[in-house]
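Visitor: I am new to protein models and would like to learn what the words really stand for. Could you walk me through this one?

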Amino acid sequence: DNAVRDDDNRTMLVYSLYNADTQKWSVPAAVYDDGMADFNFNLVSNGSDIYVVWQKATQKITSEMKVTDISKVTDLYIAKFDEAMSSFQNIEQVTTNNEIYEMMPRVSSVNGKTIVAWFENSEGDVYGQNGFNRIRYAVKADKDYAPGPESDISGDEFLPADTEIENPIEVDDETIPDEEQKDPGKWTIYDVDKDLPAITSLAVGYMLDDGYIAFTIDEDKNYNTIDDQKIYLVSMQTNEVILYTDKGMNVEFVKVHGDNAMTWYNKGYIYYSYSPDYAPQMIYSDAGIPCDEYHIISSDSGDMAILYTIKSDNQSDAYVILYDDETFEWGLPVQVTKQDKYVQNFNGAYYDEMIVSIFNKTDVNKETLFEKNDLCCAVIGERYDLMIENVVFEDCNLEVGAEYPLTIEVKNNGTRRIKSFNLAIRSQGTAIDEKTVEASIKPGETYTVETSIVM
């Protein structure tokens with residue numbers, strides 16, 4: 001909220017820069033302050049550049065305006081971060097004065113080609129329940145745009161050549177984009193489809209160096225039912241729309257094992273695919289995750305992590321699952337936060353072998369339903385944290401000098417795999433037994449030590 005503005009126009013998109021040396025954030029600054037209200041945004045990095053796309057009002061909002069009135073004066077803007085100036089520059093308006101509300105904006109940029117995708121509702125319904133919905137995307141290529149290198153993904157896991165893929169959505173051939181952008185430096189807008197049911201998630205990205213839009217639809221428009229959500233893919237080379245799977249939700253485009261991939265959630269598990277013809281693979285199969293709101297992040301060195309939250313009575317906490325690039329195995333969930341508030345919007349990025357994560361911590365007053373919302377940061381670095389979780393010892397009929405079995409359960413609450421540890425048994429401060437235990441314990445994993453003690 002910008003305290004200088006009036007209540008109807010107070011929302012402003014701001015950013016802050018993290019200093020790894022001081023572990024502090026800079027004073028928040030506006031991306032683009034023209035006095036008009038800002039709304040939902042999407043920020044991405046392609047490894048070298050940072051882009052943000054967001055909804056912005058093109059005129060002052062008044063208290064007399066209805067939601068549908070506000071939607072008519074809202075367009076999409078995009079900005080690119082200038083590292084030399086430490087600010088967002090090159091502010092551009094992607095859509096202009098069309099009186100149609102552009103929802104769920106998404107941006108991606110690879111090899112000099114930038115794509116912004118969104119969906120629109122014919123009635124200006126922000127929930128997409130009334131009227132019809134259509135997906136559109138805008139493309140702009142730099143003047144020096146050139147296709148990227150071919151991927152080195154193996155074809156061993158691709159679907160058989162005779163696999164049938166449904167294509168139930170009709171495509172308007174007149175909207176198929178040219179193979180090359182005709183007018184470099186300018187935005188060109190394309191239509192995907194204009195008669196879709198409720199759209200529950202939308203993503204834009206690259207697989208095998210081709211641009212794709214992925215989206216999920218809820219055919220009965222009932223958000224309480226999730227079994228009827230389907231995932232569609234749109235090729236930005238041909239504008240072809242295909243049904244990829246009839247079971248999935250919350251699509252994202254990320255790096256998986258170093259290659260561009262699409263991920264989605266289905267019944268407790270996250271899946272990924274490298275192309276429309278690639279057989280779905282489960283990214284983490286040990287136990288799944290109990291939340292469909294997840295994010296997968298990766299580093300250039302091969303590190304990966306799954307970030308998500310777990311809700312319980314009147315609170316929620318953040319968890320991370322880490323990928324070990326030495327053993328090529330996923331760890332088990334490690335709890336990041338432990339408090340009595342709601343943790344939401346948990347996300348982050350790798351920086352020098354650390355994960356710099358951010359999240360909202362929300363406190364809800366049960367009587368007034370008033371929310372107090374804080375933006376928090378947690379740095380997840382290399383940490384060894386081994387704790388004794390349980391001890392089992394039969395203490396009946398003890399005799400001095402006799403040896404008795406002892407079971408000790410230890411849990412790895414750290415972020416690194418444990419290869420060995422020292423175990424000491426003490427009595428009144430004096431060690432009565434001490435040894436080194438050789439064991440490979442993944443983050444979040446519990447290991448059982450069977451030993452003995454002499455009374």
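Guide: Take the contacts between residues at least 6 apart in sequence: 50% of them join residues at least 24 apart. Contact means heavy atoms within 4.5 Å. This is a predicted model, where local features need pLDDT of at least 70, side-chain atom pairs count only at pLDDT 80 or more, and totals for chains, interfaces and linings use all residues. Residues are numbered from 1 along each chain as its sequence is written, and side-chain values use heavy atoms, with hydrogens and water left out.

Visitor: Why does serine 316 count as buried?

Guide: Buried means under 20% relative accessible area, with a 1.4 Å probe and protein chains only. Serine 316 has 2% relative accessibility, so it counts as buried. Across the protein, 43% of the 455 residues are buried as well.

Visitor: What makes the pair of serine 316 and valine 343 a polar contact?

Guide: A polar contact is a pair of N or O atoms within 3.5 Å, where one must be able to donate a hydrogen and the other to accept it; residues adjacent in sequence count only if both atoms are side-chain atoms. Here a polar atom of the serine 316 side chain lies 2.7 Å from the backbone nitrogen of valine 343, so the pair fits.

Visitor: How do you know that strand 15 and strand 16 pair?

Guide: Strands are DSSP runs of E, at least two residues, numbered from the N terminus, and two of them pair if DSSP finds at least two bridges between them. Four bridges join strand 15 to strand 16, therefore they pair. Their directions are antiparallel.

Terms used: Buried < 20%, exposed > 50% of the residue type's maximum accessible area, 1.4 Å probe, protein only.
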